[in-house]
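Take a look at the fold shown here. We will walk through it step by step, from strands to single residues.

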Amino acid sequence: MHKTHFALNVMLKNNMILSNEGFEIGDFIIPSFKLNEGEIIRLCLYGGSHFFPLVDELTKIFMGINPSPRVKLFQKIAFAEHIYPHGFKEYFYPLTIERYLKQNGQANFEDLKLFSGLDYITANTKIATLPGNQRKWLSIVSKLSLTKNIIFDLVGQDPMGATTTLKVIKSLLDQGYSAIFLDNFDDLEMKFDREYYIKEK
């Protein structure tokens, strides 16, 4: 697991998680925004070949792995990455739920109850056998065991699973959780605290 470096401003009094003054990545302009405790903001990146590279660069900046002078991070934030078991080792030693939880946070099986769609899995369930919805939920739960602030997208989820993900995360906001939702569509009916759109130069 990568060690995340983040700047903690001890003078901050308003529970701000992240302050972004706006910056550019390649041909794209990222608008300025602030994320406060108990908020979920939607950053629409649109679909296309740029989506995954842009998500990779944005998450590294917002987590403080690749610091930017235009972004100030006041609390730890984690990205609920995609789980793609692969490689030679996976054939002989498949990644199980139990090993994934031990390697990626501090979550336990009780925490998985956050999503009812994870009720049927066991410690020995192989990750490779799980569909996209369950993999995304597992990733989210593991990151929420490390911090109340996450970045996530809905890649790999079907419409029903995506709706469930958004509803669960929004249900946590009153408990002080916060989120940046990286979206690649523009047809969601759900409301967010604020919405922002990248622009192409």
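**A walk through the fold**

Strand 5 (residues 40-44) and strand 9 (residues 178-183) run parallel, and five bridges join them. One matched position is easy to find: Ile40 stands opposite Ala179 in strand 9. Keep in mind that this is a predicted model.

Now widen the view. Strands 5 and 9 belong to an open sheet of five strands. The order across this sheet is 7-8-9-5-10, and the pairing is parallel. Which strands form the edges? They are strand 7 (78-79) and strand 10 (194-197), and each of them pairs on one side only.

A helix packs on this sheet. Helix 1 covers residues 51-62. Helix 1 touches strand 5, strand 7, strand 8 (149-152) and strand 9. What angle does the direction of helix 1 make with that of strand 9? The answer is about 160 degrees.

Look inside helix 1 for Glu57. Is Glu57 buried, exposed or partly exposed? Its relative accessible area is 40%, so Glu57 counts as partly exposed. Buried would need a value under 20%, and exposed a value over 50%. Glu57 also has a partner in space to compare with its place in the chain. Ile25 lies 32 residues apart from Glu57 along the chain, and the C-alpha atoms of the two are separated by 8.0 Å.

Next, find the loop between strand 5 and helix 1. Tyr46 is found there. The backbone of Tyr46 has a positive phi of about 65 degrees, although Tyr46 is not a glycine. Tyr46 has a relative accessibility of 35%, and therefore counts as partly exposed.

Now turn to strand 1, residues 16-20. Is strand 1 mostly covered or mostly open? It is mostly covered: five of its five residues are buried. Strand 1 has two pairings to trace. Strand 4 (residues 33-36) pairs with strand 1 in the antiparallel sense, over four bridges. Within that pairing, Met16 has Asn36 of strand 4 as its bridge partner. Strand 6 (residues 71-73) also pairs with strand 1 in the antiparallel sense, here over three bridges. Within this second pairing, Leu18 has Leu73 of strand 6 as its bridge partner.

Stay with strand 4 for a moment. Leu35 sits in this strand. The relative accessible area of Leu35 is 0%, so Leu35 is buried. What does Leu35 touch? Leaving out residues up to four places away in sequence, Leu35 touches Met16, Ile17, Leu18, Ile41, Ile77, Ser178, Ala179, Ile180 and Arg194. Trp137 gives another point of reference. Leu35 and Trp137 are 102 residues apart along the chain, and their C-alpha atoms are separated by 22 Å.

One last stop is empty space. Rolling a probe the size of a water molecule over the atoms shows where such space is left. How many cavities of 30 Å³ or more does the structure hold? It holds one. The largest cavity contains about 40 Å³ of space. Its lining is made of Leu144, Lys148, Ile150, Ile169, Leu172, Leu173, Tyr177, Ser178 and Ala179. By type, the lining residues divide into seven nonpolar, one polar and one charged. Two of these names have come up before: Ser178 and Ala179 line the largest cavity, and Leu35 touches both Ser178 and Ala179. Ala179 also brings us back to the start, where Ile40 stands opposite Ala179 in strand 9.

Definitions and conventions:
Residues numbered from 1 in each chain as written. Predicted model: local features only at pLDDT ≥ 70, side-chain atom pairs only at ≥ 80, totals over all residues. Heavy atoms only, no water. Buried < 20%, exposed > 50% of the residue type's maximum accessible area, 1.4 Å probe, protein only. Pairing = 2+ DSSP bridges. 1 Å grid on protein atoms, 1.4 Å probe; cavity = no way out; pocket = protein on both sides within 12 Å on 5 of 7 lines; lining within 4 Å. Points joined across faces, edges and corners; volume = space filled by probe spheres on them. Nonpolar A, V, L, I, M, F, W, Y, C, P; charged D, E, K, R; others polar. Contact = heavy atoms within 4.5 Å. Axes fitted to C-alpha atoms, helices over the stretch in contact; angles between N-to-C directions.
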